[in-house]
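Reader: Please choose one part of this model and take me through it slowly, saying at each step what sits beside what. I would rather follow one connected account than read a list.

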Amino acid sequence: MAIIITDECINCGACEPECPNTAIYEGADDWKYSEGTDLKGDLVLPNGTKANAEEDQEPISDEIYFIVADKCTECKGFREEPQCAAVCPVDCCVPDDDNVETEEELLAKQRFMHNE
């Protein structure tokens, strides 16, 4: 499953540089699928969503840091645990019950985003 940032976030920014997929953004920031990944041009995401990797996407939150679920792999393929949760001083990086994925799905998403 993806990780979410709750409204208890203090906007410290500790989580953002820890994300290997660049899935974490500051509140009100536009984001792109291409940022921090090997994704380019028009694509179909593993969940079936169609998008353009270079196109700006709307912020998920205007007030606090947010995690893009389509880019979050819980650090699978990079680390043993989600790094955002490991560094968060207020424990507001928690599993997103609305985006449950198996380890295999998370690893497949990681491979999709990073052509290694």
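Author: Let us begin with K109, which is buried, with a relative accessible area of 5%; please keep in mind throughout that the model is a predicted one. Although K109 is buried, this lysine forms a salt bridge with E101, and the closest N and O atoms of the pair are 3.1 Å apart. The partner is placed differently with respect to the surface, since E101 is partly exposed, with a relative accessible area of 23%.

K109 belongs to helix α2, which covers residues 103-113 and whose buried residues are L106, K109, Q110 and M113. If you look down the axis of α2, these buried residues fall within an arc of 100°, so they line one face of the helix. On the other side of α2 you will find E104 and R111, which are exposed.

From this helix we can pass to a second lysine, because K71 is in contact with K109 and M113, if neighbours within four places in sequence are left aside. K71 has its place in the loop between β5 (66-67) and α1 (83-87). Which side chain of opposite charge is nearest to K71, and how far away is it? The answer is E35, at 4.8 Å, and K71, though buried, has no salt bridge; the distance matters here because a salt bridge requires the nitrogen and oxygen atoms to be within 4 Å. The list of contacts of K71 also includes N21, T22, A23 and T37, as well as E35 itself. The loop that holds K71 also holds E74, which lies between β5 and α1. E74 is buried, with a relative accessible area of 15%, and its phi is near 55°, a positive value in a residue other than glycine. A phi near 55° is also found in N11, which sits in the loop between β1 (3-5) and β2 (24-25) and is partly exposed, with a relative accessible area of 36%.

Among the contacts of K71 there is also K32, and this lysine does have a charged partner, for K32 forms a salt bridge with D56, with the closest N and O atoms 3.7 Å apart. The pair links distant parts of the chain, with K32 in the loop between β2 and β3 (42-44) and D56 in the loop between β4 (50-52) and β5, 24 residues apart. Both ends count as partly exposed, K32 with a relative accessible area of 26% and D56 at 48% relative accessibility. The count of salt bridges comes to 2.

The remaining contacts of K71 to point out are Y25, W31 and Y33, and these lead us to the aromatic rings. Y25, W31, Y33 and F66 form one aromatic cluster, and the count of aromatic pairs comes to 3. In one of these pairs, the rings of Y25 and W31 have their centres 6.2 Å apart and their planes at 40°, so the pair is tilted. Both residues are buried, Y25 at 6% relative accessibility and W31 with a relative accessible area of 5%. In another pair, the rings of Y25 and F66 have their centres 5.8 Å apart and their planes at 25°, so that pair is stacked. Because Y25 lies in strand β2 and F66 in strand β5, the stacked pair ties together parts that are 41 residues apart in sequence. F66, too, is buried, with a relative accessible area of 4%.

One last point concerns the cysteines, since a search of the whole structure finds 0 disulfides. The sulfur of C9 is 4.5 Å from the closest cysteine sulfur, that of C92, which is too far for a bond, and C9 is buried, with a relative accessible area of 14%. C88 is in no disulfide either, its nearest cysteine sulfur being that of C92, 3.5 Å away, whereas a disulfide requires the sulfur atoms to be within 2.5 Å. At 13% relative accessibility, C88 counts as buried.

Definitions and conventions:
Residues are numbered from 1 along each chain as its sequence is written. This is a predicted model: local features need pLDDT of at least 70, side-chain atom pairs count only at pLDDT 80 or more; totals for chains, interfaces and linings use all residues. Side-chain values use heavy atoms; hydrogens and water are left out. Buried means under 20% relative accessible area, exposed over 50%, partly exposed in between (1.4 Å probe, protein chains only). Helices (H or I, at least four residues) and strands (E, at least two) are DSSP runs, numbered from the N terminus. The arc is that of the directions from the helix axis to the C-beta atoms. Lys and Arg count as positive and Asp and Glu as negative; His and the chain ends are not counted. Contact means heavy atoms within 4.5 Å. Rings of Phe, Tyr and Trp (its six-membered ring) pair if their centres lie within 6.5 Å; planes under 30 degrees apart count as stacked, over 60 as edge-to-face and the rest as tilted.
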